[in-house]
Amino acid sequence: MCQIGSSNRNPVTKSECCCDGGRGWGPHCEICPFQGTVAFKKLCPHGRGFMTNGADIDECKVIHDVCRNGECVNDRGSYHCICKTGYTPDITGTACVDLNECNQAPKPCNFICKNTEGSYQCSCPKGYILQDDGRSCKDLDECATKQHNCQFLCVNTIGSFTCKCPPGFTQHHTACIDNNECTSDINLCGSKGICQNTPGSFTCECQRGFSLDQSGASCEDVDECEGNHRCQHGCQNIIGGYRCSCPQGYLQHYQWNQCVDENECLSAHICGGASCHNTLGSYKCMCPAGFQYEQFSGGCQDINECGSSQAPCSYGCSNTEGGYLCGCPPGYFRIGQGHCVSGMGVGRGGPEPPASGEMDDNSLSPEACYECKINGYPKRGRKRRSTNETDASHIEDQPEIEANVSLASWDVEKTAMFAFNISHISNKVRILELLPALTTLTNHNRYLIESGNENGFFKINQKEGISYLHFTKKKPVAGTYSLQISSTPLYKKKELNQLEDKYDKDYLSGELGDNLKMKIQILLH
């Protein structure tokens, strides 16, 4: 392929391309040597237009779009163009340029000549049209062809036209001025009619609620109730109009004479403590997510999500004000939104975590327990509560939580610290155990090492629904490793749509919550 202008993508040799003005050759656009250089003389020893072996280059095949608007004829060491009608060779003879026929003698047009690409066009002055010979002009009959601006009558003249006025108009120079009959007789259409002047005449129009009688000269009342009155709940005819009767929940519009919806929500106490949503002819009292409206009390009451048939939690559920809280298996801590975690020294079957005052900073702490989900959403701005407070306020009142379910929480904002003797570690050591607490995430969730594992010393494996963070077989070096563990839900688009159809539009953002972001620091010594 040779790049000369725009390549024609025909296969050519390098000398065919570069010895005839080409800039680049080959699939990788190898740059051609510049003319006059040693490389050019070596490639083209016989000069431009000849290949390395001295053979003539056929520019008609090599150069893309050569001799446009003409025919290319190859010469030895060069080429020339034979141009089509309307074109002429340029000074080099290697291109066809437009021929300006309007400058030729004799002129091809009798009046106006306009040069075009490869040809020319004859035209005529205003008031004339071109004849069939394409050169001479004849008079244009503006009246017959409707190419005039006369309001009424048109009279053709040579090269132009004139206008005339019909009865009902007064001629003023070349314009027609309408005679306004409505100003000559103000009662022309009666007391309920409106006179409308028209070109050369007039018409009578009636006010709203009236129509012309059979004579067409006066107006009479229209009984709208017998026709299309648009009243849905009764109609009463009045002179010049009608009234609509309105059902409960609607009001008669002061201007449109129709029933419009009454906004009951303008009354501040109609829904009590709930939000009022106006509907057509009525209203609805609505509560925030996690609450339902009680008609008797006139307020919003908490929904016990834990008592529903579709349990949201896998290991126990505690209802909260406007939401619920998912517990974890014994030995696990609640973390983030809907996840459980267990670590070295505080795993299943291990010792109970020490009291908050005696706990080591590097241990997993059940202190700082706070609601993980409120009907699927985090309770922002809620006061943080201790484990004991959580147990007292929830476990006692909520039979859904079993005695062997953990409600202790791990603050996801704090970095967990682990220390290991490098000589005692193996790939069987489980540093962390993670599993989802929400039923929607069971078998539809994956935990990943998002950052800090560039050397591949750690990995996460999943077995029987539990994900384990442990060392790989690759031997690590002593030092501190900061890892960030994250979670991602594993739902296909079709499955997500099915979940939303089964529950509601906020189900996904609520039940799945935010992805887990957990920071840990491992010290190897």
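What percentage of the 525 residues in the protein chain do buried residues make up? In this predicted model, buried residues account for 35% of the 525 residues in the protein chain. The chain is built with 7 helices and 38 strands, and two residues that lie in strands, Ile177 in strand 15 and Gln484 in strand 37, are described below.

**The chain as a whole**
- The accessible surface of the protein chain comes to about 31,600 Å², and carbon and sulfur atoms contribute 50% of that surface.
- When contacts between residues at least 6 apart in sequence are considered, 42% of them join residues that are at least 24 apart.

**Ile177**
- Ile177 belongs to strand 15, which covers residues 175-178, and this residue counts as partly exposed because its relative accessibility is 44%.
- Leaving aside residues up to four places away in sequence, Ile177 touches Phe169, Thr170 and His172.
- Between Ile177 and Cys165, which are 12 residues apart in sequence, the distance from C-alpha to C-alpha is 8.6 Å.

**Gln484**
- Gln484 is placed in strand 37, which covers residues 479-489, and with a relative accessibility of 17% it counts as buried, because buried means under 20% relative accessible area.
- Again leaving aside residues up to four places away in sequence, Gln484 touches Leu448, Ile449, Glu450 and Ser451, and also Lys517, Met518 and Lys519.

Terms used:
Residues numbered from 1 in each chain as written. Predicted model: local features only at pLDDT ≥ 70, side-chain atom pairs only at ≥ 80, totals over all residues. Heavy atoms only, no water. Helix = DSSP H or I, 4+ residues; strand = E, 2+ residues; numbered from the N terminus. Buried < 20%, exposed > 50% of the residue type's maximum accessible area, 1.4 Å probe, protein only. Contact = heavy atoms within 4.5 Å. Areas by Shrake-Rupley, 256 points an atom, 1.4 Å probe, with all protein chains shown as cover.
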